[in-house]
Amino acid sequence: MNTAKRSDLTQSQRTIMVVVLMTGSFCTVLNQTLLATAYPTLMRYFAVNTSTVQ
């Protein structure tokens, strides 16, 4: 028995959704990379330990 529902999105809406999700994923990875390299500087500037700066 197949209970999967069919999506009501058009092809262009699906394309926009995929582009938005891919852009969001890229920004998340980029943000984490940039912050990971900034942690030591932030730790020195604010005089805090690793768990606090994260």
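## A walk along two helices

The protein has two helices and zero strands, and what you are looking at is a predicted model. Of its 54 residues, buried ones make up just 4%. The accessible surface comes to about 5,100 Å², and carbon and sulfur atoms account for 64% of that area.

Let's start in helix α1, which covers residues 11-46. F26 is found in this helix. With a relative accessibility of 55%, F26 lands above the 50% cut-off and so counts as exposed. F26 also has company on the surface: together with L30 and L34 it makes a nonpolar patch of about 310 Å².

L34 turns up again if you look at its backbone rather than at the patch. The backbone oxygen of L34 sits 2.8 Å from a polar atom in the side chain of T37. That distance is inside the 3.5 Å limit used for polar contacts. T37 itself belongs to helix α1, and its relative accessible area of 59% is over 50%, so T37 is classed as exposed.

Next, follow α1 down to its last stretch and look for aromatic rings. The count of aromatic pairs comes to one. The partners are Y45 and F46, whose ring centres are 4.8 Å apart; their planes meet at 90°, which is over the 60 degrees needed, so the pair is edge-to-face. How exposed are the two partners? Y45 has a relative accessible area of 66%, so it goes down as exposed. F46 is exposed too, at 53%.

Then comes the loop. A47 lies between α1 and α2, the latter being residues 50-53. Check the backbone here: A47 has a positive phi of about 55°, although it is not a glycine. A47 is also exposed, because its relative accessible area of 67% is over the 50% cut-off.

The last stop is V53, in helix α2. Is V53 buried or exposed? Its relative accessible area is 17%, and buried means under 20%, so V53 counts as buried. Which residues does V53 touch, once its neighbours within four places in sequence are set aside? The contacts are Y39, L42, M43 and V48. Y39, L42 and M43 carry numbers that fall within the 11-46 range of α1, so on the helix definition these contacts link V53 in α2 back to α1. There is a C-alpha distance to go with that picture: V53 and P40 are 13 residues apart in sequence and 8.9 Å apart in space.

Put side by side, the stops on this walk include exposed F26, exposed T37 and exposed A47, along with buried V53.

Note on methods: Residues numbered from 1 in each chain as written. Predicted model: local features only at pLDDT ≥ 70, side-chain atom pairs only at ≥ 80, totals over all residues. Heavy atoms only, no water. Helix = DSSP H or I, 4+ residues; strand = E, 2+ residues; numbered from the N terminus. Buried < 20%, exposed > 50% of the residue type's maximum accessible area, 1.4 Å probe, protein only. Polar contact = N/O pair within 3.5 Å; in protein donor to acceptor, adjacent residues only side chain to side chain. Phe/Tyr/Trp six-rings, centres within 6.5 Å; stacked < 30°, edge-to-face > 60°. Patch = residues over 30% accessible without salt bridge, like charges linked within 9 Å, V, L, I, M, F, W, Y side chains within 5 Å. Areas by Shrake-Rupley, 256 points an atom, 1.4 Å probe, with all protein chains shown as cover. Salt bridge = Lys/Arg side-chain N within 4 Å of Asp/Glu carboxyl O. Contact = heavy atoms within 4.5 Å.
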